[in-house]
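Got your viewer open and a selection box ready? Let's take a walk through this model, one stop at a time.

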Amino acid sequence: MNIIWTRSIVSLALLAALSALVGAFFGVRIALAFAVVMLVVQSFFGTYHTQRLWRLLDAPVYGEVPSALGIWGEIYYRLHKLAKRWHAQVRQVEQQHSRFIQAIQASPNGVAMLDDHDQIEWCNAIAETHFGLDAKRDLRQHITHLVRRPEFVRYLNSHHYEEMLIMRAMGMNRRHTLSVQVFPYGDNRKLILTQDITELERTDSMRRDFVANVSHELKTPLTVLSGFLETMRELPLDEADRARYLEMMDQQASRMRNIVRDLLVLANLEGDMRPPGDELLDMRAVMRHLEDDAINLSAGRHRITFNSDEALTVAGAETEIVSALANLVTNAIRYTPDGGTIDVTWQREQDRAVFSVRDSGLGIPAEHIPRLTERFYRVDRSRSRDTGGTGLGLAIVKHVLQRHHAELDVKSEEGRGSTFSVRFPAVRSALRKSVAV
Ligand code: ADP
């Protein structure tokens, strides 16, 4: 027997006992009247609270639970406890839901959810930009009414989603490439995931270009070399021709060697994630070394001057920095016709150390300048080859400078000459005896 029954029986028993007591003092009639009045009062009390409860259940207001005495107080209290527990559960589910939405919003990929009629139920901000949607405005719209690309419509209707679809983005980023994949779930619902693969595509095509370029660069000298070998094997050559052929073969072999050497340097630079170190270079010795090499290479064909701030130095990996600077000096000599001038300076520019090579050479047409540091990019292919270039020199320079947070600045005028300047950041620039500039 539960508490309600017990209480009802106890209160009826109490009423009967009280009525009997009243009957003993005032007679049966008064006792009956007393019992009826008490029953009416009890019934009124019950009806009053039933309608309060009814009103409460009809329009529940959280936290507002009436109070009462007796069994009704108990009922209200239990109801209050139940409502509190229910509210806490709802809050917990709401929090989980909002965390889940935040996580999907933070995802770098687009997420869109479709109902069983392919209408948009929800999408995150990335999917909005990928598809040019507006999450609020386009809610409940059929997705193919908004994403009308024929390849997308075909893909969605095909019901074969094992492979992803590659398509152009919509909205503001029409030049971007997307990968789109549909994942069916639940009862005919769909989850669409999108990813911007523009950068991936670009690096992939760069990798393909690079492999094609390397193969091409190596194939040319290899073909020439095989040609010479065949000639030597098949033709009777006199000593002079033989020596000439061997000399030309040697040239081709050294061209291949240089390419492989530069490729290895590049690969090492790209693969080296360690910072380049911060040893202070002896720039006086470096400048002397660069000057000697320049004079040797030029062999008197150019007027060469070197000017440097003797106190100025830079922190970094010596071999890397020297190879980058030497590359710029060598290029100036190679691309400056005989009789031209080459001026090399090492000086302060505010708090930065700047290495600059100015030549009066061929110059570079403006449209080529942004591409000079690409691997194998050459303005004049035959001139580069004739002077022993691999097309990788400035790519190496770029990597070395990037590692040292330095910048390369190229100014050039076709037919008048070029200036290549390297600006080291203030943190790497120093005066001798480690005094910062
Ligand atoms: P390369 O081995 O061909 O010299 P680089 O990467 O060093 O390769 O240079 C890329 C291209 O930039 C060169 O082929 C050349 O066309 C151009 N270039 C570099 N330095 C100079 C310069 N001082 N004057 C004119 N053109 C230059």
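Start on a helix: select Arg207, which counts as partly exposed at 48% relative accessibility. Bear in mind as you go that this is a predicted model.

**Stop 1: the acid on α7**

Add Asp204 to the selection. Arg207 and Asp204 form a salt bridge, with 3.0 Å between the closest N and O atoms. Both sit in helix α7 (residues 198-234), and because they are 3 residues apart there, about one helical turn separates them. Asp204 is partly exposed too, at 32% relative accessibility.

Now bring in Arg208. Arg208 also makes a salt bridge with Asp204, where the closest N and O atoms are 2.9 Å apart. The spacing here is 4 residues within α7, again about one helical turn. Arg208 has a relative accessible area of 47%, so it counts as partly exposed. As a general point, side chains of opposite charge can pair when their charged atoms come close.

**Stop 2: a salt bridge between strands**

The structure holds 26 salt bridges, so pick another one. Select Glu121 and Arg189: their side chains meet in a salt bridge at 2.6 Å, N to O. How many residues apart are the two partners in this pair? They are 68 residues apart, with Glu121 in strand β2 (residues 120-123) and Arg189 in strand β5 (residues 189-196), and the bridge links distant parts of the chain.

Check the accessibility of each end. Glu121 is partly exposed at 24%, and Arg189 is partly exposed, also with a value of 24%. Then widen the selection to Asp115 and Arg140, since a network of salt bridges links Asp115, Glu121, Arg140 and Arg189.

**Stop 3: strand β11 and its partners**

Jump to residues 417-423, strand β11. Is this strand mostly covered or mostly open? Mostly covered: 6 of its 7 residues are buried.

Show the partners next. Strand β9 (residues 352-359) pairs with β11 in the antiparallel sense, over 5 bridges. For a landmark on this side, find Arg358, which stands opposite Thr419 in β11. β10 runs antiparallel to β11 as well, and 7 bridges join the two. The landmark here is Asp409, opposite Ser421 in β11.

Follow the chain from β10 into β11 and you'll pass through a hairpin with 3 residues between the strands. Stop at Gly415 in that turn and look at the backbone: its phi is positive, about 80°.

**Stop 4: the largest nonpolar core**

Select Trp346 and Phe355. In the largest nonpolar core, which has 45 residues, these two touch the most other members. To see where the core comes from, colour α8 (239-271), α9 (283-298), β7 (312-314), α10 (318-334), β8 (341-349), β9, α12 and β11: each supplies at least two residues. Which element gives the largest share? That's α10, with 8 residues.

Domain 3 (212-271) and domain 4 (283-431) both contribute residues, so this core lies between them. In soluble globular proteins, nonpolar side chains tend to be buried together.

Keep Phe355 selected and show its surroundings. Its contacts beyond four places in sequence include Met287, Leu290, Leu325, Leu328, Val329 and Trp346, along with Phe420, Ser421 and Val422. For contrast, there is a second, separate core of 21 residues, with Leu114, Phe131, Leu133 and Val182 among its members.

**Stop 5: the domains**

Zoom out and colour by domain. The assignment gives domain 1 (3-101), domain 2 (108-196), domain 3 (212-271) and domain 4 (283-431). Between domains 3 and 4, the C-alpha centres lie 27 Å apart. At their contact, 12 residues of domain 3 meet 14 residues of domain 4.

**Last stop: His404**

Finish in the loop between α12 (393-403) and β10 (407-413), where you'll find His404. Is His404 buried or exposed? It is buried, with a relative accessible area of 0%.

Turn on polar contacts around the side chain. His404 reaches the backbone nitrogen of Ala317 at 3.0 Å, and a polar atom of its side chain lies 2.8 Å from the backbone oxygen of Val400. Then show the residues that His404 touches beyond four places in sequence: Pro276, Ala315, Gly316, Ala317, Glu320, Ile321, Pro425 and Arg428.

Notes:
Residues are numbered from 1 along each chain as its sequence is written. This is a predicted model: local features need pLDDT of at least 70, side-chain atom pairs count only at pLDDT 80 or more; totals for chains, interfaces and linings use all residues. Side-chain values use heavy atoms; hydrogens and water are left out. Buried means under 20% relative accessible area, exposed over 50%, partly exposed in between (1.4 Å probe, protein chains only). A polar contact is a pair of N or O atoms within 3.5 Å; within protein, one must be able to donate a hydrogen and the other to accept it, and residues adjacent in sequence count only if both atoms are side-chain atoms. Contact means heavy atoms within 4.5 Å. A salt bridge is a side-chain nitrogen of Lys or Arg within 4 Å of a carboxyl oxygen of Asp or Glu. Two strands pair if DSSP finds at least two bridges between them. A nonpolar core is a set of buried Ala, Val, Leu, Ile, Met, Phe, Trp, Tyr and Cys residues joined through side-chain atoms within 4.5 Å. Domain bounds come from an automatic or database domain assignment.
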